Structures are given as C-alpha cells and as structure tokens.
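Trainee: I would like a close look at one part of this model. Please start from the whole chain, then go to the part, then come back out.

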Amino acid sequence: MSDLAVATHGLTKRFGSQVAVDTVDLAVPRGSVYGFLGPNGSGKTTTIRMLLGLIGATAGQHELLGAALPEHAADVLPRVGALVEGPGFHPYLSGRDNLRRIDAADRTAGARTSDARIAAALDRVGLGAAAGKRYRTYSLGMKQRLAIAAALLMPRELLILDEPTNGLDPQGTREVRTLVGTLAAEGATVLLSTHLLAEVEQVCTHVGVMHRGKLVAQQPLAGLRSDAAPRVRVLTDQPAQAARVLRTLGLTEVAETAAETTGQLGAVAPEKVVAALVHDGVAVRGFAVVAPSLEDVFVSLTGRGFDVSG
Ligand SMILES: Nc1ncnc2c1ncn2[C@@H]1O[C@H](COP(=O)(O)OP(=O)(O)OP(=O)(O)O)[C@@H](O)[C@H]1O
C-alpha cells in the first residue's frame, strides 16, 4: 500500500497559452493534514479539480489512495470526500432534504440508515438546528458547512477541501478547524487548500506552497520553519555602530531603526555576535534570536504577502 494518499507526477494544466498548473509533483502522506497554500490564482483550485477528475490534465499522472486515476475512479472516488466550489444544492429544499438527495444518489449507501447518516453529518458541522430551513436562507458559512456535511455522509479515507473556511465567521472557522482535526485524528488524510496562514499554522502537519502554477515548497510544517534563517535583534541606542559589527561578522540583510538593529545570522553563532558587540563598546539593552514567522517564509517563497487575519 502506498504511503501517499495523493501523489501527482508532472501534473500540468494549460488554458490556451496560460499554464495554470505547471509540472506539479504533490506528495501527501497518509494521515497528514496537508495545507495547500498559495496566493489567489496560483493554481490550487485547478490542481484540486484535476485530482478529482472534474477536469482533465494537459499532462502528467496522479494517484489517490495508491490507485491511478482516472483508471480506478469508480473504486477510489467513493472513498474520497470533496468540497469544491459550487456544490449543486437545491435552493428551495432544506439542508436536510438536500443531503437526502445526495445520499440517495450514492449507490454505496444503504437506504435504511440514511436518516441516521444525515443527522450525524448535520450534527458534525453544527447544522442540526437549522437542518429544516431552506438552503437559500442559509448564510455563506452555513452553505459551506452543508457542503462539508455532504462530503461526510460516508466514511472517507481522504478529504479534499478547497478553501473550507471561505466565507465563514470566526466561530464557523474555528468549528471547521476543529472538525478537520477530529477527522484527521480518526485516521482520515485531509488535503485543504487555503490562502490563510493561520489555517495552516493551526491544523496542518504538512505544507505545499503554490506560486504561479508551480509547487515551490513541500514539506512537514516543522521543517519549513526550521529551514528558515533566524535573525538577531539588537536593542541599542547605537544602531549604526551595531550594524557595522553585524556586517563585519558576516551577517546579511542588516537593517537598523532608531532603537534597534537586525540581521540574518547565517552560520554565525549568536554568542559570537554578543561578544563582538560588547568588544566594540556597543551599549546593548536587549538581544534576541528570532525565528522568522511563517509569513516571512511564505513571502520569501512567493514574493507576496498573505492574508494572515483569518
Ligand atoms: N476554466 C478556466 N479557463 C481559463 N483560465 C482558468 C480557468 N480556471 C482557472 N484559470 C486560471 O488559472 C489560474 C489558476 O487558477 P486557480 O483557480 O487554480 O487558482 P487558485 O490558486 O485556486 O486561486 P483562488 O484561491 O483564487 O481560487 C488563474 O490564472 C485562473 O485565471
């Protein structure tokens, strides 16, 4: 059995002359919560649509749960729950009745257990109380949660969620994050796309970063952090003098403000920096080694800021 829940090899999608997804090799380990991160338009949704067979790839191959698609689609796709844009819900039916329609269309689901399955799925996403209301009266967040409930009607080994917290209020966002954590704890692999760093920091074990159609980084979250270069921060009334010392030692990206000087450590030991500052007579009021935030890492990979408010 493959230890990857999702694997792609040179997956590529062109729209006319535009390359939306460019030779992407995804490797999503089983049991991981994989954050598929990237700015808007970087190719996440197009990749996910190819994974699920909603659009064909221009080039490349992919496997879900160890089986090649599209050859094994009939066997594999029932074990995969998906949330992609534009679920086909009926506006005049209640949330519960919409799930009934979806459940009834699933040949692998037993009709006698349908009510219990639907109630459990609604409960999981916190829509139990609103289950009887018409879909068209739902807020965007409720619609999103109903879409997740639809993906959870059957037990799933793999969940592929495109921007699952899009449009949710903070409370709804927290609920979805908790739900993702629970599903992962139960053994499901979760691939979720997002442009929100907070989402990645709070729930993901692995990260893949897309930028202009290319996968520019892919690794465990902890690795991405530790690979990033730490900086020193020197609080001092003599920032220019401190900056000279840092540069002489070989620190890079040295910057100074009125009250502090910072620089990227590289291979230089922090204690060596302290000793050199003292030796040079710089009055140091504070000294710290700071790991760059995830946002710093992503900006360095994509050259773009992320929305970190979520
Ligand atoms: N059907 C299509 N026809 C033409 N171009 C498309 C089509 N679908 C996507 N694109 C283009 O492909 C690129 C990648 O889009 P995609 O939706 O995959 O990005 P994304 O990372 O999911 O962004 P977002 O977070 O905005 O959904 C974009 O430039 C987009 O305009």
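Trainee: Among the contacts in the chain with a separation of 6 or more, what percentage comes from residues 24 or more positions apart? Then take me to helix 3: which of its residues are buried, and what covers them?

Mentor: Remember that this is a predicted model. The contact figure is 69%: that is the part of the contacts with a separation of 6 or more that falls to residues 24 or more positions apart.

Now the frame. The chain has 310 residues, and 37% of them are buried. Its secondary structure comes to eleven helices and 15 strands. The C-alpha trace spans about 80 × 45 × 35 Å along its principal axes. Two domains divide the chain: domain 1 runs over 4-226 and domain 2 over 229-290. Their centres, taken over C-alpha atoms, are 45 Å apart.

Go to helix 3, residues 95-104. The buried residues here are G95, R96, N98, L99, I102 and D103. They sit on the same side of helix 3, because the arc they cover around the axis is only 160 degrees. The general rule behind such a pattern is simple: an α-helix has 3.6 residues a turn, so residues three or four places apart point the same way. What lies over these buried residues? Helix 4 (114-124) and helix 5 (140-151) are among the elements that cover them.

Look next at the loop before helix 3. F89 lies there, between strand 7 (80-83) and helix 3. F89 touches N98, Y135 and L146, leaving aside residues up to four places away in sequence. N98 is one of the buried residues of helix 3. L146 falls within the range of helix 5. Is F89 itself buried or exposed? Neither: F89 is partly exposed, because it has 19 other C-beta atoms within 10 Å, and a buried residue needs 20 or more. For a distance, take H9: it is 80 residues from F89 in sequence and 33 Å away in space, C-alpha to C-alpha.

Follow helix 5 from here. The largest nonpolar core has 64 residues, and those with the most contacts inside it are A149, I160 and V190. Helix 5 gives the most to this core, with seven residues. The background is a familiar tendency: in soluble globular proteins, nonpolar side chains tend to be buried together. V190 shows the packing one residue at a time. It touches V33, Y34, L159, L161, V180, L183 and A184, not counting residues up to four places away in sequence. A second, separate core has eleven residues, including V232, V234, V245 and L246.

Helix 6 (residues 170-185) holds G172. G172 touches G141 and R145, again not counting residues up to four places away in sequence. Its C-alpha atom is 9.5 Å from that of Q144, with their positions 28 residues apart along the chain. G172 is partly exposed, with 19 other C-beta atoms within 10 Å.

E163 comes in the loop between strand 8 (158-162) and helix 6. Its phi is near 50 degrees, a positive value in a residue other than glycine. E163 counts as buried, because it has 21 C-beta neighbours inside 10 Å. T23, in strand 2 (residues 18-24), has a positive phi too, near 40 degrees. With 15 C-beta neighbours inside 10 Å, T23 counts as partly exposed. One more backbone feature deserves a look. L69 and P70 are joined by a cis peptide bond, with omega about 5 degrees. P70 is in the loop between strand 6 (67-69) and helix 2 (73-76).

Finish at the ligand. F15, A20, G38, N40, G41, S42, G43, K44, T45, T46 and H195 surround it. By type, this shell has two nonpolar residues, eight polar and one charged. Helix 1 (residues 44-51) gives the most to the shell, with three residues.

Back to your part, then. Helix 3 keeps its buried residues on the same side, and helix 4 and helix 5 are among what covers them.

Key: Residues are numbered from 1 along each chain as its sequence is written. This is a predicted model: local features need pLDDT of at least 70, side-chain atom pairs count only at pLDDT 80 or more; totals for chains, interfaces and linings use all residues. A residue is near a molecule or strand if its C-beta atom, placed from the backbone, lies within 6 Å of it. Helices (H or I, at least four residues) and strands (E, at least two) are DSSP runs, numbered from the N terminus. Ala, Val, Leu, Ile, Met, Phe, Trp, Tyr, Cys and Pro count as nonpolar, Asp, Glu, Lys and Arg as charged, and the others, Gly among them, as polar. A residue is buried if 20 or more other C-beta atoms lie within 10 Å of its own, exposed if 12 or fewer, and partly exposed in between; C-beta atoms are placed from the backbone. The arc is that of the directions from the helix axis to the C-beta atoms. Two residues are in contact if their C-beta atoms, placed from the backbone, lie within 7 Å. Domain bounds come from an automatic or database domain assignment. A nonpolar core is a set of buried Ala, Val, Leu, Ile, Met, Phe, Trp, Tyr and Cys residues joined through C-beta atoms within 7 Å.
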